[in-house]
Amino acid sequence: MRNEYRYEKRKYVIAGIVAGIILTFIGRLYYLQIINDDYKEQAVDNAFLRKTVYPSRGVIYDRNGKLLVSNQPAYDVMVCMRNLKGLDTLAFCESLGITRDFFDKRVKDIKNRSLNPGYSPYTDQLFMGQLAATDFAKFQEKLYKFNGVSVRRRSIRQYGYSVAGHLFGDLGEVSKKDMANDGYYTRGDYIGKQGVESFYEKQLRGEKGVEVLLRDAHGRIKGKYLDGANDVAPVPGKNLVLSIDIELQQLAERLLKNKIGSVVAIEPSTGEVLCMASSPTFDPSLLVGRDRGANHRILSKDKQKPLLNRAVMGTYPPGSTFKTAQALTFLHEGIVTPTTQFPCSHGFVFGGLHVGCHTHGSPISLVPSLATSCNSYFCWGLHRMFSAPQYGRVQDAMTVWKDHMVAMGFGYRLGIDLPGEARGFIPNAAFYDKWYGGRWRGLTVISISIGQGEVTLTPLQIANLGATIANRGSYITPHVVKDIEGEELDSLYRFPKRTLVDKKHYEAVVQGMREAVLDGTCSGADLPGIEVCGKTGTAQNRGKDHSAFMGFAPMNDPKIAVAVYVENGGFGAVFGVPIGALIMEQYLTGTLSEESMAKAAGIERKKIIYGEQER
């Protein structure tokens with residue numbers, strides 16, 4: 001009786017286990033068929049191929065409507081590993097002009113999920129990108145022989161001019177970081193890496209489309225699904241109009257040939273950059289197509305750093321171009337008036353301190369001090385400001401001075417629409433307190449009054465200073481894009497900023513810059529019929545001094561402000577002034593006189609020796 005009871009109880013246990021198993025299976029089937037879509041999606045993927053259709057990238061024009069950057073067809077070779085069996089590897093390699101080692105490495109990399117996270121043997125994978133149209137034509141003849149191999153049509157950039165490489169930038173394959181930051185990208189996509197291509201990537205790239213194709217049980221494409229009813233058309237990228245005058249850009253790059261430096265020109269009333277040249281430079285077409293990687297490596301290893309856009313990334317002592325900013329600060333703070341005179345006995349002399357200067361009349365007032373670029377005048381001005389009783393401590397005077405410099409666009413990035421802009425350096429009281437242990441005075445840092453010492457600016461900031469003076473105290477953030485198709489520019493590039501200096505004080509500085517051209521250090525910039533205002537700069541350097549110029553024209557209706565900076569170029573009048581004058585003449589008149597063309601040719605031919613290397 002007891003055994004019968006035990007067996008009866010065991011029956012219920014077994015029935016419970018069976019019921020549990022059945023319920024588990026039912027729950028799992030419900031989850032897989034009703035809740036979870038994974039198997040459904042896999043089945044759909046086996047039946048359908050969603051093929052990405054890439055949009056045409058936006059094209060780029062200059063301010064006068066000249067086509068600068070367009071698109072040309074290119075082709076990606078794709079492979080589906082599942083269908084690659086039986087491939088005639090030798091014939092495939094010969095048709096693409098590659099080695100067997102290259103083929104084996106590419107296949108290995110494609111299958112490596114750490115390098116290719118989205119790998120699937122059932123989907124097309126990128127084998128080789130950016131096949132030129134001529135190479136594709138040869139490959140296409142044999143394509144039918146290669147099972148599992150297909151071609152995806154893409155486009156690559158084509159340049160109408162071999163200049164402005166730093167401005168345009170380039171396209172390169174997306175990195176893991178790019179894909180992680182933006183779900184738009186997948187492996188094998190291309191993205192703007194530098195210049196306008198990078199800054200305006202989202203506008204230029206457009207939106208991808210999708211083509212839904214039907215395939216059979218063997219994975220063969222049978223045609224469009226529902227005659228393309230579910231296809232999504234790509235949206236082309238937006239076209240850009242640059243503020244650049246391409247002819248002015250060509251001239252600027254010619255004038256910088258065999259030199260290291262930059263030229264920046266700005267339209268004062270709009271902040272539009274008219275040209276931005278950096279030397280040494282490179283032909284943008286070098287960074288297009290299958291040779292991009294090899295060419296990029298060569299350029300990146302060049303000791304002269306041709307990939308560096310010195311106009312926005314280079315930081316230099318501004319030299320005497322900075323004196324205009326000091327004059328404005330001293331005038332606004334009441335440290336000097338236009339008639340205030342300071343002595344100059346071949347320089348600034350105070351106790352044991354001596355800052356050299358060149359021969360001119362003494363004592364000297366503000367306008368002639370700018371015209372002759374007198375060091376002594378601005379040293380006296382800073383000394384008087386930093387010891388003025390209204391500020392109390394020297395640190396407080398330094399803070400006022402620094403605030404004026406920052407309001408003029410120094411010490412921080414201006415915000416130009418290009419990546420990699422440097423901020424330069426404007427020292428503050430805390431910097432000198434730390435450096436000198438709190439024991440310093442105006443005489444200790446007197447060199448900053450003449451654009452030396454710790455002060456550094458970018459050529460863009462120097463050009464913006466010229467635009468600010470031309471506007472008598474305001475500037476619009478410099479920008480290289482004038483118009484975006486169907487979109488308004490950022491407000492940063494549309495509304496002006498004012499400095500802390502009253503507008504009335506700018507007239508004395510403008511007059512000083514005009515006198516510098518008429519009978520001063522900028523006499524080489526005097527153009528017939530055009531009232532040019534300018535200021536030279538000779539920035540001290542461990543080697544030969546740097547040659548700089550900052551100016552604008554016409555004086556009372558400014559259309560262009562320009563900055564020139566040539567490393568190791570000597571006095572500002574040697575390279576800075578003549579290059580600046582030619583840039584202004586070309587833009588304002590639309591041409592160069594025969595005399596100016598001869599001068600331009602001479603500047604282009606002239607080389608500067610840098611150490612043991614000649615450029």
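This is a short walk through a few local features of one structure, which is a predicted model.

Okay, let's start with the sheet. It's an open one with five strands, in the order β12-β11-β20-β19-β18, and the pairing is antiparallel. At the edges sit β12, residues 272-279, and β18, residues 533-539, each of them pairing on one side only. If you ignore direction, neighbouring strands here are turned by 5 degrees against each other on average.

Let me zoom in on one pair from that sheet. Strand β19, residues 546-553, runs antiparallel to strand β20, residues 560-566, and seven bridges join them. If you want a spot to click on, take Gly551: its bridge partner in β20 is Val562.

So what packs on this sheet? That's α10, which touches β11 (261-267), β12 and β20. The direction of α10 makes about 25 degrees with that of β12.

Now α10 itself, residues 246-255. Helix α10 is mostly covered, with seven of its 10 residues buried. For anyone colouring by accessibility, the buried ones are Ile246, Leu248, Gln249, Leu251, Ala252, Glu253 and Leu255. Notice that Gln249 and Glu253 are on that list too. And have a look at the start of the helix: Asp245 has a side-chain oxygen that comes to within 3.0 Å of the backbone nitrogen of Glu247.

Next up, α13, residues 323-332. Here nine of the 10 residues are buried, so I'd call α13 mostly covered as well. The buried set runs through Lys323, Thr324, Ala325, Gln326, Ala327, Leu328, Thr329, Phe330 and Leu331.

Just past the end of α13 we get to Gly334, with a positive phi of about 75 degrees. Gly334 belongs to the loop between α13 and β13. Is Gly334 buried or exposed? Its relative accessibility is 56%, and the cut-off for exposed is over 50%, so Gly334 counts as exposed. Along the chain, Met385 is 51 residues away from Gly334, and their C-alpha atoms are 9.0 Å apart.

Following that loop brings us to β13, residues 347-350, which pairs with β14, residues 353-356, antiparallel and over four bridges. One of the pairings puts Val349 opposite His354 in β14. The two strands make a hairpin with two residues between them, and Gly351 in the turn also has a positive phi, about 60 degrees.

On to a helix pair. Helix α16 is residues 394-407 and helix α17 is residues 429-436; their axes come within 9 Å and cross at roughly 135 degrees. That's why α16 and α17 are described as oblique to each other. Who's in the contact? From α16 we have Gln395, Met398 and Thr399, and they meet Ala429, Tyr432 and Asp433 of α17. Sorted by class, that contact has three nonpolar, two polar and one charged residues.

Last stop: Ile476, in the loop between β15 (474-475) and β16 (481-484). At 11% relative accessible area, Ile476 is buried. Its contacts, leaving out residues up to four places away in sequence, are Ser269, Thr270, Gly271, Asn464, Leu492, Tyr493, Arg494, Phe495 and Pro496. Take Arg494 from that group: it's 18 residues along the chain from Ile476, with 6.7 Å between the two C-alpha atoms.

That's it from me.

Definitions and conventions
Residues numbered from 1 in each chain as written. Predicted model: local features only at pLDDT ≥ 70, side-chain atom pairs only at ≥ 80, totals over all residues. Heavy atoms only, no water. Buried < 20%, exposed > 50% of the residue type's maximum accessible area, 1.4 Å probe, protein only. Polar contact = N/O pair within 3.5 Å; in protein donor to acceptor, adjacent residues only side chain to side chain. Axes fitted to C-alpha atoms, helices over the stretch in contact; angles between N-to-C directions. Parallel < 35°, antiparallel > 145°, perpendicular 65-115°, else oblique. Contact = heavy atoms within 4.5 Å. Nonpolar A, V, L, I, M, F, W, Y, C, P; charged D, E, K, R; others polar. Pairing = 2+ DSSP bridges.
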